Amino acid sequence: QKNWTESHDMESSVKLIIITGASSGIGLSTCELFLNHGYTVFGSVRNKRDASKLKKNLGSNFIPLIFDVNDIVKINQAKVIVKKYLGKANLTGLVNNAGIAVLGPLEFLSPTEFLEQIETNLIGTLNCIQAFLPLLGSDPRSQEAKKGRIINVSSALGGKVGYPFYGAYCSSKHALEGFSEALRRELAVHGIFVSIIAPGAIKTPIWNKAESNLVFEKYQHTVYKDAFAKMIRDMKSLWENGLKPEIVALKILQAIESPNPKLRYTFIREFSLSLMYLAPRRLIDKLIMWYLGLSKN
């Protein structure tokens with residue numbers, strides 16, 4: 001009886017979490033924070049080089065998982081690794097953070113580029129949830145263990161407001177918000193809670209990568225030339241002065257550990273941005289078009 005009790009207590013106190021997109025930005029900061037709070041962290045990266053680097057820097061309680069969120073075979077291989085660590089316990093949480101930003105006017109954005117955005121930010125999240133959900137507590141064999149939580153990283157702007165040249169990105173984040181709301185209501189039957197983390201501009205390489213992937217000449221001879229250039233300048237400024245990833249990581253920790261987690265976590269400095277949710281849409285249209293010089297009149 002004593003051995004069973006000790007084993008049961010040890011399993012109930014196990015804290016294991018999966019964080020996708022762990023190589024930089026929000027993902028890396030979240031890995032570091034959870035490790036400092038006694039978690040075993042499984043962080044997904046896309047190549048062995050990043051896996052080795054993170055393992056060296058983050059220590060023995062960090063276990064790299066090498067997969068792209070669009071590669072179901074690799075995700076399922078990672079699932080086997082995680083399952084071995086869990087024993088009879090459940091994952092404490094799954095943080096769906098991996099994402100990309102594809103920017104450009106929708107008039108000229110190729111379907112391939114648009115699809116890449118949706119597949120990574122939305123379908124990739126679905127792939128991870130379907131794979132790891134049994135390890136969070138949906139499997140009937142793990143009903144007695146504490147249920148895990150799902151955290152989906154959205155965007156304060158992209159998740160609620162459609163901004164010019166962010167059309168593909170906003171589409172993916174708008175969809176992720178609706179997806180998360182439906183998922184939360186479905187997974188109530190398992191006792192698994194879903195929260196959204198919605199930060200504004202962040203000091204993260206995602207925007208630096210987005211800029212490096214842009215071909216400015218592509219829009220030089222279009223009506224969007226000046227407005228697109230202004231958007232790029234704004235993006236650089238936002239990236240340089242954005243939220244520190246560590247602040248976002250703290251919200252994710254709160255969403256995982258709080259006895260009463262919120263449906264959607266936002267940030268105080270994004271309050272003015274939140275006012276855009278309530279303002280009349282036509283007014284927002286006029287202000288944005290005036291600011292970027294997109295108004296015909």
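**Entry 1: Ser154**

I started with Ser154, which sits in the loop between β5 and α6 (167-187). Before going on, I noted that this is a predicted model, where local features need pLDDT of at least 70, side-chain atom pairs count only at pLDDT 80 or more, and totals for chains, interfaces and linings use all residues. Residues are numbered from 1 along each chain as its sequence is written, and side-chain values use heavy atoms, with hydrogens and water left out.

I also wrote down how the elements are named: helices (H or I, at least four residues) and strands (E, at least two) are DSSP runs, numbered from the N terminus.

Is Ser154 buried or exposed? Ser154 is buried, because its relative accessible area is 5% (buried means under 20%, exposed over 50%, partly exposed in between, with a 1.4 Å probe and protein chains only).

Next I looked up what Ser154 touches, taking contact as heavy atoms within 4.5 Å. Leaving aside neighbours within four places in sequence, I found Gly159, Lys173, Leu176, Glu177, Ile196, Ile197, Ala198 and Pro199. I picked out Ile196 from that list: 42 residues separate Ser154 and Ile196 in sequence, yet their C-alpha atoms are 6.4 Å apart in space.

**Entry 2: the strand before that loop**

I moved back to β5. Why call β5 largely enclosed by the rest of the structure? Five of its five residues are buried, so the description fits. I then checked the two faces of β5: Arg149, Ile151 and Val153 lie on one side, Ile150 and Asn152 lie on the other, and all are buried. My reminder for this pattern is that side chains in a regular strand alternate between the two faces of the sheet.

For partners, I used the rule that two strands pair if DSSP finds at least two bridges between them. Strand β4 (residues 93-96) runs parallel to β5 and is joined to it by four bridges; here Leu94 stands opposite Ile150. Strand β6 (residues 193-197) also pairs with β5 in the parallel sense, over five bridges. Which residue of β6 is the bridge partner of Ile151? I found Ser195 there. Between β5 and β6 the chain passes through α6, and this β-α-β crossover is right-handed (with the strands pointing away from the viewer, the path from the first strand over the helix to the second runs clockwise).

**Entry 3: the whole sheet**

I wanted to see where these strands belong. Seven strands form an open sheet, with parallel pairing, in the order β3-β2-β1-β4-β5-β6-β7. At the edges I found β3 (62-66) and β7 (264-265), each pairing on one side only. β3 is joined to its parallel partner β2 (residues 40-45) by five bridges, and Gly43 stands opposite Pro64 in β3. Helix α2 packs on the sheet, where I saw it touching β1, β2, β3 and β5 (149-153), and its direction makes about 170° with that of β1 (axes are lines fitted to C-alpha atoms, for helices over the stretch in contact, and angles run from 0 to 180 degrees between N-to-C directions).

**Entry 4: β1 and its two partners**

β1 has both faces covered: Leu16 and Ile18 on one side, Ile17 and Ile19 on the other, all of them buried. I noted four bridges in its parallel pairing with β2 and three in its parallel pairing with β4. Ile18 is a handy residue to click on: it stands opposite Phe42 in β2 and opposite Leu94 in β4. I also found that β1, α2 and β2 make a right-handed β-α-β unit.

**Entry 5: Thr20**

Where is Thr20? I found Thr20 in the loop between β1 (16-19) and α2 (25-36). Thr20 counts as buried because its relative accessible area is 1%. Its side chain reaches the backbone nitrogen of Asn97 at 2.9 Å. Not counting neighbours within four places in sequence, its contacts include Ser44, Phe67, Val95 and Cys128.

**Entry 6: Leu292, then the totals**

Last, I visited Leu292 in helix α11 (residues 281-292). Leu292 is buried, with a relative accessible area of 5%. Beyond four places in sequence, Leu292 touches Tyr163, Pro164, Phe165, Ala227, Lys230 and Met231.

For the protein as a whole, I counted eleven helices and seven strands. Buried residues make up 48% of the 297 residues. Among contacts with a separation of 6 or more, 71% come from residues 24 or more positions apart.

Note on methods
Polar contact = N/O pair within 3.5 Å; in protein donor to acceptor, adjacent residues only side chain to side chain.
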